[in-house]
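This report describes one protein chain for a reader who is meeting such a description for the first time. Please keep the sequence and the structure in view while reading.

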Amino acid sequence: MSSNAILAGVIDDHETAMVGLLGGINRYSEMGDPPVKLVRMETSVDGFLNADRRVCHVVALDMQLADGSSPAENTSRLVDAGYKVLVFSAGIDVRHLQQALAHGAMGVSLKSEPLLVTIDKLRRVAAGETIASLDLAAAIEADVAFVEANLSDREAECLALYATGYALGQVATKMNVQDSTVKKYVDRIREKYEQAGRPAGTKVDLLKRAVEDGILPPLLPLKKP
């Protein structure tokens, strides 16, 4: 690998994000020392790892890939293969960010950030720096009680649907399970939150918990004119 540049890879199945990052790096990579060069883009971790090992220094990894792969497992596989990982995310699901950081990711760059910020973070992570940004701190510290509540993936999916406003039968249809299974999920979710000292007795309570834990995006109030 070149000793004169930071070589970066991107794993993201959103074409707009990949093209935008590629264009930005090509345009701004020389604005900093050392320069950053994007040498590989893939839509999955499998595709990336099937290439020659150690093709780059640092990987920008999206949290939600089309193949449904786990953010924790994806991060672990890349770290085990010798790559430094920068989460490259829309930043909606705090739970996924927590999992990636717990499995070795060294920082978070939001897709809404200016490209120069992302490029600088790629450079810093490649140099071995863990980025102590507000985004990183929030992802690590946000609602530890949720981690303690330890919802399964199916329970989190159920919570997202039910708290959004779907009835039990509608949730069952979307999850392809029986109504009774959804009721068991909801009962277990409520029990886990209550055990963590967080109210979950009503659907409004569950909506608040889902927003707090990054399972659903925040409900922003309308701005006054």
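## Two helices and their surroundings

At a relative accessibility of 30%, G169 counts as partly exposed. This glycine belongs to helix α9. The model in which G169 is described here is a predicted one. In sequence, G169 and K183 stand 14 residues apart, while their C-alpha atoms are 9.4 Å apart in space.

### The chain as a whole

The protein chain contains eleven helices and five strands. Of its 225 residues, 45% are buried. The surface that the chain exposes amounts to about 11,700 Å², and carbon and sulfur atoms supply 53% of that area. Contacts within the chain often link distant parts of the sequence: among those between residues at least 6 apart, 66% join residues at least 24 apart.

The structure holds zero disulfides. Two cysteines may nevertheless be considered individually. C56 has a relative accessibility of 0% and therefore counts as buried, since the limit for that class is under 20%. C158 likewise has a relative accessibility of 0% and counts as buried.

### Helices α9 and α10

How do the axes of helix α9 and helix α10 cross? Helix α9 spans residues 168–175 and helix α10 spans residues 179–195; their axes come within 8 Å and cross at roughly 105°. Because angles from 65 to 115 degrees count as roughly perpendicular, α9 is roughly perpendicular to α10.

Which residues meet where α9 contacts α10? On the α9 side they are L168, G169, V171, A172 and M175, and on the α10 side they are D179, V182, Y185 and V186. The residues of this contact divide into seven nonpolar, one polar and one charged.

The loop between α9 and α10 includes N176. Although N176 is not a glycine, its phi is positive, at about 60°. With a relative accessible area of 71%, N176 is exposed, because the class begins over 50%.

### Two residues of helix α8

Helix α8 covers residues 153–164, and L159 is found in it. R154 also lies in helix α8. Is L159 buried or exposed? L159 has a relative accessible area of 1%, so it is buried. R154, in turn, is partly exposed, with a relative accessible area of 31%.

Each residue also has partners beyond its neighbours within four places in sequence. For L159, these contacts are L151, T164, I189, Y193, L206, A210 and I215. For R154, they are M175, V177 and Y185. M175 and Y185 also appear in the contact between α9 and α10, M175 in α9 and Y185 in α10.

### Pairs separated in sequence

The table sets out pairs of residues by their separation in sequence and by their distance in space from C-alpha to C-alpha.

| Pair | Separation in sequence | C-alpha to C-alpha distance |
|---|---|---|
| L159 and L206 | 47 residues | 7.3 Å |
| R154 and M175 | 21 residues | 8.6 Å |
| G169 and K183 | 14 residues | 9.4 Å |

Two of these pairs are also in contact. L206 is one of the residues that L159 contacts, and M175 is one of those that R154 contacts.

Notes. Residues numbered from 1 in each chain as written. Predicted model: local features only at pLDDT ≥ 70, side-chain atom pairs only at ≥ 80, totals over all residues. Heavy atoms only, no water. Axes fitted to C-alpha atoms, helices over the stretch in contact; angles between N-to-C directions. Helix = DSSP H or I, 4+ residues; strand = E, 2+ residues; numbered from the N terminus. Parallel < 35°, antiparallel > 145°, perpendicular 65-115°, else oblique. Contact = heavy atoms within 4.5 Å. Nonpolar A, V, L, I, M, F, W, Y, C, P; charged D, E, K, R; others polar. Disulfide = S-S within 2.5 Å. Buried < 20%, exposed > 50% of the residue type's maximum accessible area, 1.4 Å probe, protein only. Areas by Shrake-Rupley, 256 points an atom, 1.4 Å probe, with all protein chains shown as cover.
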